[in-house]
Amino acid sequence: MDFKTYISDHVDYYLVGPLVTLARETGVNAVRNGFVEGVSHHLEKKGRVAKANLKDVSLPRILKLFRGYKSQLAAILLLALLAAVIGLIPPLVMREIIDKAIPQGSMRLLTEMAMLMIALPVASGVLGVWQNHLNTKVTQGVMRDLGQSLFRNLQRQSMSFFTDAKSGEIVQRLTGDVQAVQNVVTSLVVSSITQIVIVATTIGILFALDWKLAILSVLILPLFVLPVRKVSKVRKQLRVETQKVRADIASQLSESFGVSGALLTRIFGRERHQEAEYRTMVQKVMDLELRLNLVGRWFGMATNTLGPLGTAIIYMYGGYSVITGSMTLGGIVAFAAYLGRLYMPVGTLLNLHVEVATALGVFQRIFEYEDMVPGVLDRPDARQLGLVRGHVAYKQVSFAYTPGQYALRGVTFDAQPGEMVALVGPSGAGKSTLIGMIARLYDPTEGAVEVDGVDVRDVQLASLRSQIAYVTQESFLFHATIRENLLFAKEDASQEEMEAACRQAYIHDFIMSLPEGYDTTVGERGHRLSGGERQRIAIARAILKRPRILILDEATSHLDSESESYVQAALEELMQGRTTLVIAHRLSTVLAADHILVIEAGSIAERGRIASSWRWEDCMRGCIKRSSRKQTKANGCFGIPTAYAR
Ligand SMILES: Nc1ncnc2c1ncn2[C@@H]1O[C@H](COP(=O)(O)OP(=O)(O)OP(=O)(O)O)[C@@H](O)[C@H]1O
């Protein structure tokens, strides 16, 4: 699997696009060793973004990326020094030939100098290869570290970040942006070290040859610097804009060509519209890149013309010195040859400065992700949660996505180990928010959620989540084989364990009927399977995890009755002996629950259980009707809002 595919698989599916269908089929695995079996579509609404603590993108911060590569950098410096010293010799050789070998008619000296002229490039070539290898090693290492650090920080973000992030944007930052700074990183190492060494050694030798001429040749250098600031600023702005449009393109592509997006586009006949949108964006990138390039070229041209100016001045003054006899002909030729070694690297260094400034915008985008503060974190003193019995308690839990706007208010309930709690209530009441808290998708704003009497914020996330499974309405599967999808829950599961889980989920026989069995690839988001098959594989995956606590969001989608009964049977197997919090959409689930919580506007409006003596028809007649609340309460039952009888 290549890097981009890996990132897409691990990041893209967290993201929630604006298309509802796409969003509903989006799944999540927040932490690799974690618990999440997919993401509930309820969480796919506008969320908070973990606040980025955006620091200034300064050169020192970029240079910090090279911290772990000191020995390689020292070796590069040494090689650059050697190469620079070797590079200083040819003009001296020329001077020897012009001033000594030719006038003295010494063939021996001439041959020696000619041999030296051949040997020197060979030596610097060998050093160059070595230096290049080290450069690549450092550059690739820095890019790897940067990518890893971004990936790690993304994995630590709470769900709010992913519900708010734009599809494709994360992928673009991890791949496109990181790629975009690669050249700068390379030139920072290669060019800056090499060019600085060349400039320093050349200035040294110029002063040694003739200090007056040397002063004259460096006087022109400030002229090079003048346009740099302006050019850097313009290029930085253009670069930021380009990367933004690129991110938009990445988003549009991942949405349009995801299975759900492609389906929606076809159903609504929006192909041409999508194409036009894409065309506009790629055209914009093209225009921006052209402008970026043009500004760079003009700057390059300006610096290139300054070199000949310096050389002309030196020939004028130097020529005069030769005429007056204060300098030899070989001396002036050597001096002029050194000028090339001075002006060219200065130009390159300034170009590099412009490149770095241009890339600062991209670094800014990268560092923004690196600096994001995770919403849900392990406390420094968080302890390992041992195997739990599964006692779940919500104590006066309130939660606000945005300050002051409570999605949950004072929720208190208890589920003993092995009990099933069914949540019912109108859309937007807060059911998903509530069930997500047990696995710390969100932490309460007030109150506490406890497992076996321990506040979930006091234990290590991984140890908590490893004991919880979450089966969502729309089950997410990776574009991988069934086996790989199953092993996502338990990396070291044996074939027997896997098959046992699939048998319990009533899916083993189906898998075996496929030509490639467990090695069948399930397609993008599992779309090559039917809805019911996908759900049963997701259930098998949850069974394989052997969770103590189960979070379940019953599917509302209508499977055919046979498929439905399989899924139902699989779920019953999964719930056996596990504490289960279920957002119930089926009356049979409500009937089977140990506790029923009716959630309305973020609070528990009613709670109770259906009396075992009641039959379904009684419920239809009695409990379901809001008007009969009093009567049903008198019977130890309560009214379920009419909406949930459907
Ligand atoms: N990420 C979020 N950012 C801000 N508000 C949110 C976010 N997710 C949900 N909400 C809001 O919080 C409230 C509770 O939402 P929640 O998804 O928990 O309800 P629900 O009962 O599960 O609804 P449904 O049955 O329709 O899925 C709603 O008003 C919703 O708009």
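Reader: What percentage of the 646 residues in the protein chain is made up of buried residues?

Author: This is a predicted model, and in it buried residues make up 41% of the 646 residues in the protein chain. Burial is read from the number of other C-beta atoms within 10 Å of a residue's own, and a residue counts as buried at 20 or more.

Reader: How many helices and strands does the protein chain have, and what share of its contacts between residues at least 6 apart in sequence join residues at least 24 apart?

Author: The protein chain has 24 helices along with 10 strands. Where contacts between residues at least 6 apart in sequence are considered, 81% of them join residues at least 24 apart.

Reader: Let us turn to the sheets. In what order do the strands of the open sheet of four strands stand?

Author: As a general idea, the strands of a sheet pair through backbone hydrogen bonds, and the pairing is either parallel or antiparallel. In this structure the open sheet of four strands runs in the order β2-β1-β4-β5, and its pairing is antiparallel. The edges are taken by β2 (405-415) and β5 (454-455), and because each of them has a single partner strand, one side of each is left without a neighbour in the sheet.

Reader: How many bridges join strand β1 to strand β4, and which residue is the bridge partner of serine 398?

Author: Strand β1, residues 392-402, and strand β4, residues 446-451, run antiparallel and are joined by five bridges. Within this part of the model, serine 398 has glutamate 446 of β4 as its bridge partner.

Reader: What is the strand order in the open sheet of six strands, and which strands are its edge strands?

Author: The order there is β6-β7-β8-β3-β9-β10, and the pairing is mixed. The edge strands are β6 (468-471) and β10, each of which pairs on one side only, while the twist from one strand to the next averages 20°.

Reader: Where should I look for the parallel and antiparallel pairings of β9?

Author: For the parallel case, look at strand β3 (residues 420-424) and strand β9 (residues 595-600), which four bridges join; here leucine 423 stands opposite leucine 597 in β9. For the antiparallel case, follow β9 to strand β10 (residues 603-608), with which β9 pairs over five bridges, and where glutamate 600 stands opposite serine 603 in β10.

Reader: Which residue takes a positive phi in the hairpin of β9 and β10, and is alanine 601 buried or partly exposed?

Author: The hairpin of β9 and β10 has two residues between the strands, and alanine 601 takes a positive phi near 45° there, although alanine 601 is not a glycine. With 14 other C-beta atoms within 10 Å, alanine 601 is partly exposed.

Reader: Where does arginine 440 lie, and what sign does its phi have?

Author: Arginine 440 lies in the loop between α15 (431-436) and β4, and its phi is positive, at about 60°, although arginine 440 is not a glycine. A count of 25 other C-beta atoms within 10 Å makes arginine 440 buried.

Reader: Now to helix packing. At what angle do helix α7 and helix α11 pack, and how are they oriented to each other?

Author: Two helices can be described by the angle between their axes, where a value over 145 degrees counts as roughly antiparallel. Helix α7 (residues 169-180) and helix α11 (residues 228-256) pack at about 135°, with their axes 9 Å apart, and α7 and α11 are therefore oblique to each other. The crossing of α7 and α11 is right-handed, and the residues making the contact include Val171 and Gly176 of α7 and Ala247 and Ser251 of α11. By class, the contact of α7 with α11 has four nonpolar, five polar and three charged residues.

Reader: At roughly what angle do the axes of helix α9 and helix α13 cross, and which residues meet there?

Author: The axes of helix α9 (residues 211-219) and helix α13 (residues 271-323) cross at roughly 155° and come within 9 Å, so that α9 and α13 are roughly antiparallel to each other. This crossing of α9 and α13 is right-handed. On the α9 side Leu213, Leu216 and Ser217 meet Gly310, Ile313, Ile314, Tyr317 and Gly318 in α13, and by class the contact of α9 with α13 has five nonpolar, three polar and no charged residues.

Definitions and conventions. Residues are numbered from 1 along each chain as its sequence is written. This is a predicted model: local features need pLDDT of at least 70, side-chain atom pairs count only at pLDDT 80 or more; totals for chains, interfaces and linings use all residues. Two strands pair if DSSP finds at least two bridges between them. Axes are lines fitted to C-alpha atoms, for helices over the stretch in contact, and angles run from 0 to 180 degrees between N-to-C directions. Angles under 35 degrees count as roughly parallel, over 145 as roughly antiparallel, 65 to 115 as roughly perpendicular and the rest as oblique. A crossing is left-handed if the near helix is turned anticlockwise from the far one by less than a right angle, and right-handed if clockwise. Two residues are in contact if their C-beta atoms, placed from the backbone, lie within 7 Å. Ala, Val, Leu, Ile, Met, Phe, Trp, Tyr, Cys and Pro count as nonpolar, Asp, Glu, Lys and Arg as charged, and the others, Gly among them, as polar. A residue is buried if 20 or more other C-beta atoms lie within 10 Å of its own, exposed if 12 or fewer, and partly exposed in between; C-beta atoms are placed from the backbone.
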